[in-house]
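Got your viewer open and a selection box ready? Here is a walk through the model, stop by stop.

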Amino acid sequence: MNVLWLQSSGCGGCTMSLLCAEGPILFDRLADAGINLLWHPSLSLETGAEARALLARVEAGEIALDVLCVEGAIARGPRGTGRFQMLGGTGRSMLDWVKSLAAKARHVVAVGTCAAFGGVTSAGENPSDACGLQYEGAHSGGIFPASFRAAGGLPVINVAGCPTHPDWASETLMLLAEDRLGAQDLDALARPLFYTRHLVHHGCPKNEFYEYKASAVKLSDIGCMMENLGCIGTQAMGDCNIRPWNGSGSCTRGNYPCINCTAPEFEEPRHSFTETPKIAGIPVGLPTDMPKAWFMALASLSKAATPERLARNAVADRVDVPPSLRGKTAGAAQTKGRK
């Protein structure tokens, strides 16, 4: 399967993340799956005339293009020309190249939230008029209309994340190589279900604190960050805490709130990322599928039942009070201590 990767308006963070793939490493993983990386601007040897010649052959149909991967948003300015971002040495805009190559590709993959929805690149006043491939924020239609389908019959596949997890990108490519990714395997935003059928909350190491609403009050605390510090892991799609990054990490494992970076328009929450907006002391954002009245009732009961261990640990920067021993184990330990 031939894959061509273009880097558009973005920071390159999704490529940096992809290089962190483990078990096996990225290049072995692609080779084992029969995936041929035709060209990647940061990883390939071809530059200058060689790269331009390869792109020309792909565009002419001389080299089959199975998957076009685009990382970064597409700058449409000024006035829809795309000339705010030119593909070096070609005299043509990235907008023009992406449109032309997408028409040749069997599948089109947006790698990262910028390519999928516009992301951070489109934040603020957006002077470059940047957008995603098939979405502008949460609205259908980017540089391609909502009706766009690649030759393989699928819309743009949005492997959203800022950056995207290395496994999300590589597994999407491997599924395409095996012809095992269909429309039924994508969610309503065309993100692969294999990672968006989970919430970031699933597997979070702070879940016990969440259950009792034992909340952190500053970023160094190890308690739940939903009530005070802006964490929306209970609403965010992603398996970040089920398959940790780099073998062991995630935002919440690092004591930073989940900011829902797999979703459109996450980049402009209209408040600080580390602040939970409230009305009359009640958080505005509630867990997915949770009615407000139920949440308030459960939260009140949970707080009333919070063990002292969790209450103290929640506002500490490490475990201050360990779990106590119970039953026969506790009795044996006490007997041993007396001896």
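Start by selecting Leu286: with a relative accessible area of 17%, Leu286 is buried (buried is under 20% relative accessible area, exposed over 50%, partly exposed in between, using a 1.4 Å probe and protein chains only). A word on what you're looking at: this is a predicted model, where local features need pLDDT of at least 70 and side-chain atom pairs count only at pLDDT 80 or more, while totals for chains, interfaces and linings use all residues. Residues are numbered from 1 along each chain as its sequence is written, and side-chain values use heavy atoms, with hydrogens and water left out.

**Around Leu286**

Leu286 sits in the loop between strand S13 (282–283) and helix H9 (292–304). Helices (H or I, at least four residues) and strands (E, at least two) are DSSP runs, numbered from the N terminus. Which residues touch Leu286, leaving aside its neighbours within four places in sequence? Show Met226, Gln235, Lys292 and Phe295; contact means heavy atoms within 4.5 Å. Now draw a distance from Leu286 to Met296: they are 10 residues apart along the chain, and their C-alpha atoms are separated by 9.8 Å.

**The sheet**

Next, colour the open sheet of 5 strands, whose order is S2-S1-S3-S7-S11 with parallel pairing. Two strands count as paired if DSSP finds at least two bridges between them. At the edges you'll find strand S2 (36–39) and strand S11 (157–159), each pairing on one side only. Ignoring direction, neighbouring strands of this sheet are turned by 25° against each other on average. Axes here are lines fitted to C-alpha atoms, for helices over the stretch in contact, and angles run from 0 to 180 degrees between N-to-C directions.

Zoom in on strand S1 (residues 2–7), which pairs with S2 in the parallel sense over 3 bridges. With S3, the parallel pairing of S1 runs over 5 bridges. Leu4 is a handy marker: its bridge partner in S2 is Trp39, and in S3 Leu68 stands opposite Leu4.

Is S1 covered or bare? Mostly covered, with 6 of its 6 residues buried. In a regular strand the side chains alternate between the two faces of the sheet. Pick Asn2, Leu4 and Leu6 for one side of S1 and Val3, Trp5 and Gln7 for the other; all are buried.

**Helices on the sheet**

Add helix H3 (residues 48–60), which lies across S1 and S2 and runs at about 115° to S2. Bring in helix H4 (residues 94–102) too: H4 packs on the sheet, touching S1, strand S3 (67–71) and strand S7 (107–111), and its direction makes about 165° with that of S1.

Stay on H3 for a quick geometry check. At 1.5 Å a residue, its 13 residues should span 18 Å, and the end C-alpha atoms are 18 Å apart, which agrees; the expected span is 1.5 Å times one less than the number of residues. Then select the buried residues of H3: Ala51, Leu54, Leu55, Val58 and Glu59. They cover an arc of only 135° around the axis, so they are on the same side of H3 (the arc is that of the directions from the helix axis to the C-beta atoms). What do these buried residues pack against? Try S1, S2, strand S5 (86–87), strand S6 (92–93) and H4. Flip H3 over and the face turned away carries the exposed residues Ala49, Glu50 and Ala60. Just after H3, Gly61 takes a positive phi of about 85°.

**Backbone oddities**

Two cis peptide bonds come next. One joins Gly23 and Pro24, with omega about 0°, and Pro24 is in the loop between helix H1 (13–18) and helix H2 (26–32). Another joins Cys162 and Pro163, with omega about -5°; Pro163 lies in the loop between S11 and helix H6 (166–177).

For positive phi outside glycine, select Asp129, where phi is near 55°. Asp129 is in the loop between helix H5 (113–117) and strand S8 (130–131) and is partly exposed, at 30% relative accessible area. Then jump to Arg270, with phi near 70°, in the loop between helix H8 (207–211) and strand S12 (278–279). At 78% relative accessibility, Arg270 counts as exposed.
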